[in-house]
Amino acid sequence: PTVVASQGLLLVQRVDDVKHMVPVAMLACDCTLGYVAERARAAVPVADEKQIHFLDFEDDLMRIKFESDCKEFIKSYITSGKQYFLFDEAQNIKDAGKKLKLVFDSFKDIKLVITGSSTFGLTSLGGFLVGRVIFFDVFPFNFSEFLKAKDERIYKIHEEFKINLFDKLPLKKNIFLDEINKWLFEYLTFGGYPRIVLENDKQKKKELLKNLFINYVEKDVVS
C-alpha cells in the first residue's frame, strides 16, 4: 500500500487486559475513529455508552485544553467503570508521547485507542509507551473490500468466481465480467482509500486525492 492511503492506529493497553481488547483493526476499516467509537459501543460490554469517549485533536480548542493539563482534561470525562478513550489525529498534540504516558499511568481503568494520519507522528510517540502499546497498520481497501463497499451483489459474484493465478486452474466463462471490470477500472483509477471509495462524485474524488497527496505524501515522505 502507498503511504498516502494508509493511516496508523495505536492501541494502548495493559498487559493483563488483552482478553478485553476491542478488535480495532477490524473496526477501523473506514479509517475514521468516529466509526470505531460507534462500533465499540456495540462491541464492548459496558454498562453505559458514556464510558466511551471520542476526542478529535484537529479541534484546536480541545487540543489546547489537553496540552494545558492533560490529567484534569481526561478526569473531566471519567465516569464509573472502565473508560475507553479514542484519540484522533494525536500527532497534533505537543509532546504527545509524554502526555499520553502520563494519562495512562495516572488512571487505572482506562484504555486508549490512538489514531493519526502521520505515520512518523505515531511511531515517535510510541517510544514513550514501550510495553504499553500495540501498533496496527490500517490499510486501504483491497479490491474485494472495495466491491463490498460499492456493490454487495457484485462483491458476492466476485467472491464466488475469483481465482488464484498460482493454482493454474482453467478459466471459467463469467457473464458478469463487464460489471466487475467497471468497478475494477474505478478502483485502479482512484485507489482504495475508504473516504474516496465512499464518495460517488468523481470531481470530489479528485479533490480528495489531491488533498491526500499534499497532506500526507509531501508531509510524511518528502519532508
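Which residue lies over the face of Trp183? In this predicted model, that place is taken by Lys182, which lies at 4.3 Å from the ring centre of Trp183. A second arrangement of this kind involves Phe190, over whose ring the charged end of Lys205 sits, 5.4 Å from the ring centre.

As to the overall architecture, the protein chain contains eleven helices and five strands. Of its 223 residues, 42% count as buried. When the contacts with a sequence separation of 6 or more are considered, 71% of them are accounted for by residues 24 or more positions apart.

The packing of helices H8 and H9 provides a further setting for Trp183, since this residue is listed among those of H9 that make the contact with H8. Two packed helices are described by the angle between their axes and the distance between the axes. For H8 and H9, the packing angle is about 110°, and the axes are 10 Å apart. Because an angle from 65 to 115 degrees counts as roughly perpendicular, H8 is described as roughly perpendicular to H9. On the H8 side the contact is made by Arg153, Ile154, Ile157 and His158, whereas on the H9 side it is made by Glu179, Ile180 and Trp183.

The loop between helix H8 (152-161) and helix H9 (177-190) contains Lys172. With a relative accessibility of 72%, Lys172 counts as exposed, because the cut-off for that class is over 50%. Lys172 and Lys162 are ten residues apart in sequence, and their C-alpha atoms are 9.8 Å apart in space. Lys162 in turn takes part in a salt bridge with Glu159, in which the closest N and O atoms are 3.3 Å apart. Both partners of this salt bridge are partly exposed, Glu159 with a relative accessible area of 29% and Lys162 at 44% relative accessibility.

Salt bridges in the model come to a count of eight. One of them joins the side chains of Glu67 and Arg63, with an N to O distance of 3.1 Å. These two residues both belong to helix H3 (residues 60-68), where they are four residues apart, or about one turn of the helix. Glu67 is buried, as is Arg63. The pair is also part of a wider arrangement, in that Asp60, Arg63 and Glu67 are linked in a network of salt bridges. A further salt bridge is formed where the side chains of Arg195 and Glu199 meet, at 3.6 Å from N to O. The two partners fall into separate classes of accessibility: Arg195, at 42% relative accessibility, counts as partly exposed, while Glu199, with a relative accessible area of 14%, is buried, because the cut-off for burial is under 20%.

Aromatic side chains form twelve pairs. Among them is the pair of Phe143 and Phe146, which is stacked, with a distance of 6.0 Å from centre to centre and an angle of 15° between the planes. The pair counts as stacked because planes under 30 degrees apart are placed in that class. Both residues lie in helix H7 (residues 143-150), and their separation of three residues corresponds to about one turn of the helix. Phe143 and Phe146 are both buried. Elsewhere in the chain, one aromatic cluster is formed by Phe57, Phe66, Phe73, Tyr77, Phe85 and Phe87.

Two residues of the backbone remain to be described. Most residues other than glycine have a negative phi. Glu89, although it is not a glycine, has a positive phi of about 55°. This residue lies in the loop between strand S3 (83-88) and helix H5 (96-106), and it is buried, with a relative accessible area of 7%. Asp95 likewise is a residue other than glycine with a positive phi, its value being near 55°. Asp95 also lies in the loop between S3 and H5, but in contrast to the buried Glu89, Asp95 counts as partly exposed at 43% relative accessibility.

Methods: Residues are numbered from 1 along each chain as its sequence is written. This is a predicted model: local features need pLDDT of at least 70, side-chain atom pairs count only at pLDDT 80 or more; totals for chains, interfaces and linings use all residues. Side-chain values use heavy atoms; hydrogens and water are left out. Rings of Phe, Tyr and Trp (its six-membered ring) pair if their centres lie within 6.5 Å; planes under 30 degrees apart count as stacked, over 60 as edge-to-face and the rest as tilted. Buried means under 20% relative accessible area, exposed over 50%, partly exposed in between (1.4 Å probe, protein chains only). A charge sits over a ring if NZ of Lys or CZ of Arg is within 6 Å of the ring centre and within 35 degrees of the ring normal. A salt bridge is a side-chain nitrogen of Lys or Arg within 4 Å of a carboxyl oxygen of Asp or Glu. Axes are lines fitted to C-alpha atoms, for helices over the stretch in contact, and angles run from 0 to 180 degrees between N-to-C directions. Angles under 35 degrees count as roughly parallel, over 145 as roughly antiparallel, 65 to 115 as roughly perpendicular and the rest as oblique. Contact means heavy atoms within 4.5 Å.
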